[in-house]
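User: I am new to this structure and would like to understand the terms used to describe it. Please explain the grounds for each one.

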Amino acid sequence: MEEKQVINENEDFPLYTEKIVVNPKKKYKKLIHILWVALCAVIFGILASFVMVIVFPMINKRFNEAPKTSIHLELDKDEYIMRDDVEESDPDIGQAKPQGVTEVKSIEEIVENALKSMVIIDYGTQLPQNEENKNNQSVGLIVGDVNDDIIILTSNHVTSRGTCNVLIGESVSLPANILGSDNDSGLSIISISKRNISDSDKIDYNVAVLGNSYMLQENDKVVAVGKLEGNIIGANVGKIVSLDTESVVDNVYDILNTDIHMDLQDYCFLYNNIGSVVGISKSSPVQDHLSVMGVSNLKVLIERLTENKPVNYLGIKMSNVTPSISEKYNLPMGIYITSVVIDSPAYNAGLQAGDVIVELNHTPVLAIQSFNEQLYQYDSGQNINVTVKRAGRDNYRELLYVINPSVQN
């Protein structure tokens, strides 16, 4: 008989139980998601703030600011005249008269016009003009009006401290931007922006006319205007008593000596009888009578300083070979090299004292004044071809040298 297994419904059976533990990633998934969103929001906020505060203003300024154009000043050049080529009876020699000018101006008219092209420069303090800061003030000459900039010529003593202010008109004082300086001539070029002059400021100024100093002779009447005998703005009348030249490395300056008295701290500009500027003070006068540099052989230098370009350095001292010197010493016409600075670009190229320069980049040059006009057109590092005539046993032979000018210190 088959046995039947009876299952008692009330009998207890042990059960297999498993404790289910929730994965932490799933348990805190929502919280992690919330925290991650919050972190992204914080990072985005920081980046947005950086862009709005720093990057965006820079971009906005870059696109909205008017592009700064370089200052280019172009002056009328004068043809140099060899002194011993000039006949005393030549009616064109003497006070130069530019085209359209037929009358000699009165002293009062010359001074009145000169003052409109002159500014006071404060290089020691920003206080208004008074007796206490007068020794830290000088004068400048407006030589250009280019785009939004007024170009001013002054002494490099004024700009030696790196900052200066320009007083233009009756009460407008503006910070100056120093464009360039030259130690040999003692000149500096600065500028002020017309955008810093408000419409309510009424300023009446003129750009000075730079005349032809090559045409001047002894006994020509001249007017000095500028810082004279303790006055910030003064004027005096005199005449030219002698004409000299001052030789420096790579250049010569025409020196106009007058009978006008001056003090050690004076700095002024010399005008001819038609009201054009013909002379500029040396920055450190050493005598009690005014001697100025002729403006004609400074015009190319003024242009270069305005463009903030360095002055090329060759390392030679020169003198002009005039017709009388050529005949007396049997020299070729040109520029006589009196000395060459050791280790200078000219020295390293092979130029020697006694050579006569006759061409610069295959263009004839017969005077230092025209030589420099061409030299300043080249940048440092550019090769320049210099043709010289060198004395041999029987005659002069022509030699070509390649000079790589450097920047003048």
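Analyst: The questions below take up the sheets, the cores, the aromatic pairs and some single residues of this model, which is predicted.

User: Which strands make up the closed barrel, and how are they paired?

Analyst: The barrel has 6 strands in the order E8-E9-E10-E13-E12-E11, and the pairing is antiparallel. From one strand to the next, the twist averages 40 degrees.

User: How do you know that E10 pairs with E9 and with E13?

Analyst: Two strands count as paired if there are at least two bridges between them. E9 and E10 are joined in the antiparallel sense over 8 bridges, and Ser242 stands opposite Asn257 in E10. Strand E10 (residues 251-261) and strand E13 (residues 289-294) share 4 bridges, again antiparallel. Leu256 has Val292 in E13 as its bridge partner, and His261 has His289 in E13. Both pairings therefore satisfy the criterion of at least two bridges.

User: What makes E10 a mostly covered strand?

Analyst: A residue is buried when its relative accessible area is under 20%. In E10, 9 of the 11 residues are buried.

User: What makes the phi of Asp250 worth noting, and where does Asp250 lie?

Analyst: Most residues other than glycine have a negative phi. Asp250 is not a glycine, yet its phi is positive, near 70 degrees. Asp250 is placed in the loop between strand E9 (231-248) and E10, in a hairpin that has 2 residues between the strands. At 4% relative accessibility, Asp250 falls under the 20% limit and therefore counts as buried.

User: Which value of phi does Asn308 have, and is Asn308 buried or exposed?

Analyst: Asn308 has a positive phi of about 55 degrees, although it is not a glycine. Asn308 belongs to the loop between helix H4 (299-306) and strand E14 (312-313). Exposed means over 50% relative accessible area; Asn308, at 55%, therefore counts as exposed.

User: Why is the other sheet, of 7 strands, called open, and what is its order?

Analyst: The order is E5-E4-E1-E2-E3-E7-E6, with antiparallel pairing. Strand E5 (172-175) and strand E6 (177-182) stand at the edges with a single partner strand each, so one side of each has no neighbour in the sheet. Neighbouring strands of this sheet are turned by 30 degrees against each other on average, direction ignored. At one edge, 4 bridges join strand E4 (residues 165-168) to E5, and these strands run antiparallel. Asn165 has Pro175 in E5 as its bridge partner.

User: Which residues have the most contacts inside the largest nonpolar core?

Analyst: The largest nonpolar core has 37 residues, and those with the most contacts inside it are Leu141, Leu187, Phe269, Tyr271, Ile280 and Ile302. A second, separate core has 22 residues, among them Leu314, Val340, Leu399 and Ile403. Beyond its neighbours within four places in sequence, Ile280 is in contact with several residues, including Leu153, Leu187, Phe269, Val292 and Ile302.

User: Why is the pair of Tyr80 and Tyr214 called edge-to-face?

Analyst: The search of the whole structure finds 2 aromatic pairs. Tyr80 and Tyr214 form a pair with 5.0 Å centre to centre and 85 degrees between the planes. The limits are 6.5 Å for the centres and over 60 degrees for edge-to-face, so the pair meets both. Tyr80 lies in the loop between helix H2 (29-64) and helix H3 (107-116), and Tyr214 in the loop between strand E7 (187-193) and strand E8 (221-228), so the pair ties together parts 134 residues apart in sequence. Tyr80 is partly exposed at 22%, whereas Tyr214 is buried at 4%.

User: What makes Tyr267 and Phe269 an edge-to-face pair?

Analyst: The ring centres of Tyr267 and Phe269 are 5.6 Å apart and the planes stand at 85 degrees, so this pair is edge-to-face. Both Tyr267 and Phe269 are buried.

User: How do you know that Asp355 is buried, and which side chain makes a polar contact with the side chain of Asp355?

Analyst: The relative accessible area of Asp355 is 1%, which is under 20%, so Asp355 is buried. Asp355 is found in the loop between helix H6 (345-349) and strand E17 (356-360). The side chain of Asp355 makes a polar contact with the side chain of Arg390 at 2.8 Å, and the limit for such a contact is 3.5 Å. Not counting residues up to four places away in sequence, Asp355 touches Ile335, Tyr336, Ile337, Val388, Lys389 and Arg390.

Terms used. Residues numbered from 1 in each chain as written. Predicted model: local features only at pLDDT ≥ 70, side-chain atom pairs only at ≥ 80, totals over all residues. Heavy atoms only, no water. Axes fitted to C-alpha atoms, helices over the stretch in contact; angles between N-to-C directions. Core = buried A, V, L, I, M, F, W, Y, C linked by side-chain atoms within 4.5 Å. Buried < 20%, exposed > 50% of the residue type's maximum accessible area, 1.4 Å probe, protein only. Contact = heavy atoms within 4.5 Å. Phe/Tyr/Trp six-rings, centres within 6.5 Å; stacked < 30°, edge-to-face > 60°. Polar contact = N/O pair within 3.5 Å; in protein donor to acceptor, adjacent residues only side chain to side chain.
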